[in-house]
Amino acid sequence: ITVYTSQAAFLAATASSGVDTFAGFSITGSTPSPITRSAGAFGYTAAVSTTSFFGAGTSADPWLSTNTATDSITFNAFTGGVQAIGGNFFGSDINGLFSAGDVTLTATDASGSVTQTIIGATTASFLGFVSTGAMTSLVLSSVQPISGFLWPTTDNITLGTAAAVPEPGTYGLMLAGLGLFGFLARRRQA
């Protein structure tokens with residue numbers, strides 16, 4: 001799994017990406033867990049270990065958050081061959097408004113897991129994970145501050161496939177071909 005902290009670099013490493021902006025998600029109350037959502041041609045399930053999600057953000061820009069601060073959000077049951085998942089990850093307060101703090105993400109594929117913590121996450125904090133195989137899950141949790149609580153929150157979940165990267169042998173063949181053309185061009189001039 002390769003980790004990207006830049007959305008531009010993440011998008012360059014993915015193909016056919018789709019985004020879930022959580023349009024239509026209730027920000028005035030709780031939503032029973034799990035929920036099934038889509039991002040372009042890809043589908044996924046988001047679940048919390050307690051009973052429900054809580055809407056955060058505004059009606060113009062809804063976010064997905066937990067109803068319990070110490071809960072985590074698990075994204076899994078991906079459909080469409082998801083090899084990449086990213087998004088904006090941050091914290092919110094009891095009223096569903098942005099709150100500064102740290103959040104931790106763990107991405108898992110068939111070969112193992114990678115864990116990253118965003119220190120001082122903001123609504124613009126981006127983290128993305130790209131695998132050469134199928135992604136199996138992504139877990140978002142907040143690091144609880146010494147006083148008060150921080151709810152794990154996300155927006156703009158982006159799913160996609162890994163962009164095709166040529167094998168080293170392909171580069172070797174291309175260089176050999178260019179060398180042959182150079183040799184033939186030089187020979188003709190002589």
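**Figure 1. Overview of the protein chain, seen through its contacts and its surface.** Among the contacts in the protein chain that have a separation of 6 or more, 69% are accounted for by residues that lie 24 or more positions apart. The model shown here, and in every view that follows, is predicted. Two helices and 15 strands are found in the protein chain. Of its 190 residues, 41% are buried, while the surface that the protein chain exposes comes to about 9,600 Å², with 59% of it supplied by carbon and sulfur atoms.

**Figure 2. A salt bridge between Arg-37 and Asp-20.** Side chains of opposite charge can pair when their charged atoms come close. A search of the whole structure finds one salt bridge, and in it the side chains of Arg-37 and Asp-20 meet at 2.8 Å, taken from N to O. Arg-37 belongs to strand 4 and Asp-20 to strand 2, which covers residues 14-20, so the pair ties together parts that are 17 residues apart in sequence. Both partners, Arg-37 and Asp-20, are buried.

**Figure 3. The cis peptide bond between Ser-33 and Pro-34.** The peptide bond that joins Ser-33 and Pro-34 is cis, with an omega of about 0°. Pro-34 sits in the loop that runs between strand 3, residues 30-32, and strand 4, residues 35-39. Strand 4 is also the strand in which Arg-37 of the salt bridge lies.

**Figure 4. Two residues with positive phi, Ala-77 and Asn-156.** Ala-77 is a residue other than glycine, yet its phi is positive, near 50°. The place of Ala-77 is in strand 8, which is made up of residues 73-79, and with a relative accessibility of 47% Ala-77 counts as partly exposed, because a residue is called exposed only when the value is over 50%. Asn-156 is not a glycine either, and its phi is positive at about 55°. Asn-156 is found in strand 15, residues 151-162, and its relative accessible area of 23% makes Asn-156 partly exposed, since buried would require a value under 20%.

**Figure 5. The surroundings of Asn-88 in strand 9.** Asn-88 lies in strand 9, which spans residues 84-92, and this residue is buried, because its relative accessible area is 9% and the limit for buried is under 20%. When neighbours within four places in sequence are left aside, Asn-88 is in contact with Thr-123, Ala-124, Ser-125, Phe-126, Thr-153, Thr-154, Asp-155 and Asn-156. From Asn-88 to Phe-126 the separation is 38 residues in sequence, but 4.5 Å in space from C-alpha to C-alpha. A polar atom of the Asn-88 side chain lies 3.5 Å from the backbone oxygen of Ser-125. Asn-156, which is among the contacts of Asn-88, is the residue with a positive phi of about 55°.

**Figure 6. Aromatic rings that pair.** A pair of aromatic rings is described by the distance of the centres and the angle of the planes. The count comes to seven aromatic pairs, and one of them is formed by Phe-22 and Phe-25, whose rings are 6.4 Å apart from centre to centre with 65° between the planes, an arrangement that is edge-to-face. Phe-22 and Phe-25 are both buried. Elsewhere, ring pairs link Tyr-4, Phe-10 and Phe-126 into a cluster, and Phe-126 is also one of the residues in contact with Asn-88.

Note on methods:
Residues numbered from 1 in each chain as written. Predicted model: local features only at pLDDT ≥ 70, side-chain atom pairs only at ≥ 80, totals over all residues. Heavy atoms only, no water. Helix = DSSP H or I, 4+ residues; strand = E, 2+ residues; numbered from the N terminus. Buried < 20%, exposed > 50% of the residue type's maximum accessible area, 1.4 Å probe, protein only. Salt bridge = Lys/Arg side-chain N within 4 Å of Asp/Glu carboxyl O. Contact = heavy atoms within 4.5 Å. Polar contact = N/O pair within 3.5 Å; in protein donor to acceptor, adjacent residues only side chain to side chain. Phe/Tyr/Trp six-rings, centres within 6.5 Å; stacked < 30°, edge-to-face > 60°. Areas by Shrake-Rupley, 256 points an atom, 1.4 Å probe, with all protein chains shown as cover.
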